[in-house]
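Here are some friendly notes to read alongside the model. Have the sequence and the 3D view open as you go through the points.

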Number of protein chains: 2
Amino acid sequence: MKQLEIFKALSNKTRLEILLWLKDPETSFPDQIYSGFEFGVCVGQIQLKAGLTQSTVSEYLSILQRAGLVTSTRVGQWTYYKRNEEAFNELSKIIESDI
Amino acid sequence: MKQLEIFKALSNKTRLEILLWLKDPETSFPDQIYSGFEFGVCVGQIQLKAGLTQSTVSEYLSILQRAGLVTSTRVGQWTYYKRNEEAFNELSKIIESDI
DNA sequence: GACTTATATCGGTTTTTGCCGATATCATCA
DNA sequence: TGATGATATCGGCAAAAACCGATATAAGTC
C-alpha cells in the first residue's frame, strides 16, 4: 500500500512543516542566496530552519522522497529538495475516491 | 495541528481497511442482518473482519473517531460506527491548499 | 438482583519512530 | 592528493504505537 507510506510520511510535525516551507521557498528561505530555487532548497537551509540535527533532517527528507512527496537534485555538493506537486494532487484524489 | 492527528490515524493498515469497509457496509458486512446500516456497523462485526482482538479494534475505532473520520452511535448494547464523509472532503481540500 | 452480551478501558510486551552523535561518502578546491 | 564542506548512513537510546489479555462498565434478559 503506497498510501500507507504517504500517510506515515505525513505523520510528523517537522516533516509537515518542511513541506509547508517548500511551498514558498523564497519567503521561507531568504538566506539561500545563490542559484535561485528552480531545484528547491538544500538540506543545510532546511536543517537550520528545522532546528534538528543534520542526520535527522537528511533522514526526514528521504522519508518524504520515498513517499514521493518531494524530489531531489544533486548540484555539486548540494542536494536540493523540492515539492512534487503532482503527488499532492494525486493524494487529494485518492482521498476523494480510494480511502 | 489537527491534520497531524488525522494523518496518524491513517498511518495504520488495519485502520485504513476499516475505513474502506465502512465505505460499503452492505457488501463488507453481509452478516450484520439486523437494523440496516443507517447507524453504521457495530464493533463486533468490524472486529471479526479485522481479525484482531476486541480491545485493539475498539481502540482503533476511537482513534478514528478522535481524528473525526468516523462517528459513533450507541443503540442498546451496540456501538455503531460510520464514516464521516465530510471529514474526507475537508481533508482532500486541506491537501489541495494547506499542506 | 444475578447472568449474558457488547464495548471500553487498563496494564503489559514488542515493534516502530524520533531523535541523536559518529562516521562514511561525495564534490570541490588548493 | 590532502583538506574542507555538504550530505548520507549507521548504531544507539528514549518515546510512542501496535498489539494483547484481563477487567470494568453498560445494556438487556430472566
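Which residue is the bridge partner of A:T73 in β3(A)? A:Y80 in β3(A) is the partner of A:T73, and the notes below start from that sheet.

1. A word on conventions. This is a predicted model, in which local features need pLDDT of at least 70 and side-chain atom pairs count only at pLDDT 80 or more, while totals for chains, interfaces and linings use all residues. Residues are numbered from 1 along each chain as its sequence is written, and chains are lettered from A and ligands numbered from 1 in the order in which they are written.

2. The strands of chain A. Strand β2 (residues 70-75) runs antiparallel to β3(A), with six bridges joining them. Strand β1 (residues 41-42) also pairs with β3(A) in the antiparallel sense, over two bridges, and here A:V41 has A:Y81 as its bridge partner. Strands are DSSP runs of E with at least two residues, helices are runs of H or I with at least four, and both are numbered from the N terminus; two strands pair if DSSP finds at least two bridges between them. Two residues lie between the strands in the hairpin of β2(A) and β3(A), where A:G76 takes a positive phi near 60 degrees.

3. DNA strand D. Among the 23 residues around this strand, A:C42, A:G44, A:S55, B:S55 and B:G76 come nearest; a residue is near if its C-beta atom, placed from the backbone, lies within 6 Å of the strand. Two or more residues each come from α4 (43-50), α5 (54-66) and β3 (78-83) of chain A, and from α5 (54-66) of chain B. The largest share, six residues, belongs to α5(A).

4. DNA strand C. Here too 23 residues are around the strand, and A:S55, A:G76, B:C42, B:G44 and B:S55 come nearest. The largest share of this surface, six residues, is from α5(B). By class there are five nonpolar, 16 polar and two charged residues, where Ala, Val, Leu, Ile, Met, Phe, Trp, Tyr, Cys and Pro count as nonpolar, Asp, Glu, Lys and Arg as charged, and the others, Gly among them, as polar.

5. A:Q47 in helix α4. This residue of chain A is found in α4. Why does A:Q47 count as partly exposed? Because A:Q47 has 19 C-beta neighbours inside 10 Å; 20 or more other C-beta atoms within 10 Å make a residue buried, 12 or fewer exposed, and a count in between partly exposed, with C-beta atoms placed from the backbone. Leaving aside neighbours within four places in sequence, A:Q47 is in contact with A:L52, A:Q54 and A:V57; contact needs C-beta atoms, placed from the backbone, within 7 Å.

6. The core. The largest nonpolar core has 40 residues, and A:I6, A:L64, B:I6 and B:L64 have the most contacts inside it. Such a core is a set of buried Ala, Val, Leu, Ile, Met, Phe, Trp, Tyr and Cys residues joined through C-beta atoms within 7 Å. Beyond its neighbours within four places in sequence, A:I6 is in contact with A:A67, A:L69 and A:L91.

7. The two chains together. A turn of 180 degrees and a shift of 0.0 Å along the axis lay chain B on chain A with an RMSD of 0.0 Å, which is the relation of a two-fold axis. The superposition is by least squares on the C-alpha atoms of residues with pLDDT of at least 70 in both copies. In chain B, the C-alpha of B:S92 is nearest the axis, 2.3 Å from it.

How values were computed. Two residues are in contact if their C-beta atoms, placed from the backbone, lie within 7 Å.
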